[in-house]
Amino acid sequence: MMLRRFLLTVVPLAIAFLAGCSVSKTPTEQERIKQMQASAFLGSTERWNLSGEWRTSMGEMRDRAYRFCITRHSEDRTCADRQDFSLHAAMNADATADTAKSGKIDKEDAIAFSLHLETKLYEDARKYCFSVYEDAGSEDARALGPCLSNATGSDFFGIRGVPSKPR
């Protein structure tokens, strides 16, 4: 009985090995997501300087975004990098708005000054951007960064040159 079990277990593995077949475990979707994130341009979120509610939500948001890329774009690295840049931009827009609310701004910066005077402006824009993200299933975060960046006057796509101050 034990010999039979041994032969049924070991012999097929030995034949597969000798035939050049590999018996490797296929990584789970979550393992693939973690591997992609670790090798991403921006690296693992453990290296990111997360603040506020981003500290608790970023991991799940990024996992969903990478799952979207795996499912819809066959693990396309460009899709994953765009997800990361967008999530980073969204987080930076929140930080910019928080700074403006605190009053630690250049009074000549019209957008920051407006955000300081009318804090509800950014809150309304943020609600709008997140409602679009959530309506689409909270999976694809690529539009979240540009939307929130726009609310703070940022140029997500780098279309406009940075104006220089007169000397």
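**Nonpolar cores and the surroundings of α7**

In this predicted model, the largest nonpolar core (buried Ala, Val, Leu, Ile, Met, Phe, Trp, Tyr and Cys residues joined through side-chain atoms within 4.5 Å; buried meaning under 20% relative accessible area, with a 1.4 Å probe and protein chains only) has 24 residues, and those with the most contacts inside it are Trp 54, Met 58, Met 61, Tyr 122, Phe 130, Leu 144 and Leu 148. Two or more residues are given to this core by each of α3 (54–73), α4 (77–102), α5 (110–117), α6 (119–135) and α7 (144–151), helices being DSSP runs of H or I with at least four residues, numbered from the N terminus. The largest share, 6 residues, comes from α4. A second, separate core of 6 residues includes Met 36, Ala 40, Ile 70 and Ala 80.

Beyond its neighbours within four places in sequence, Tyr 122 is in contact (heavy atoms within 4.5 Å) with residues including Ala 90, Asp 94, Leu 115, Leu 148 and Thr 152. Helix α7 is mostly covered, with 6 of its 8 residues buried, namely Leu 144, Gly 145, Pro 146, Leu 148, Ser 149 and Ala 151; what covers these residues includes α3, α4, α5 and α6. Just after α7, Gly 153 takes a positive phi of about 85°, and Ile 159 also lies in the segment after this helix.

Residues are numbered from 1 along each chain as its sequence is written. Local features need pLDDT of at least 70 and side-chain atom pairs count only at pLDDT 80 or more, whereas totals for chains, interfaces and linings use all residues, and side-chain values use heavy atoms, with hydrogens and water left out.

Conventions:
Buried means under 20% relative accessible area, exposed over 50%, partly exposed in between (1.4 Å probe, protein chains only).
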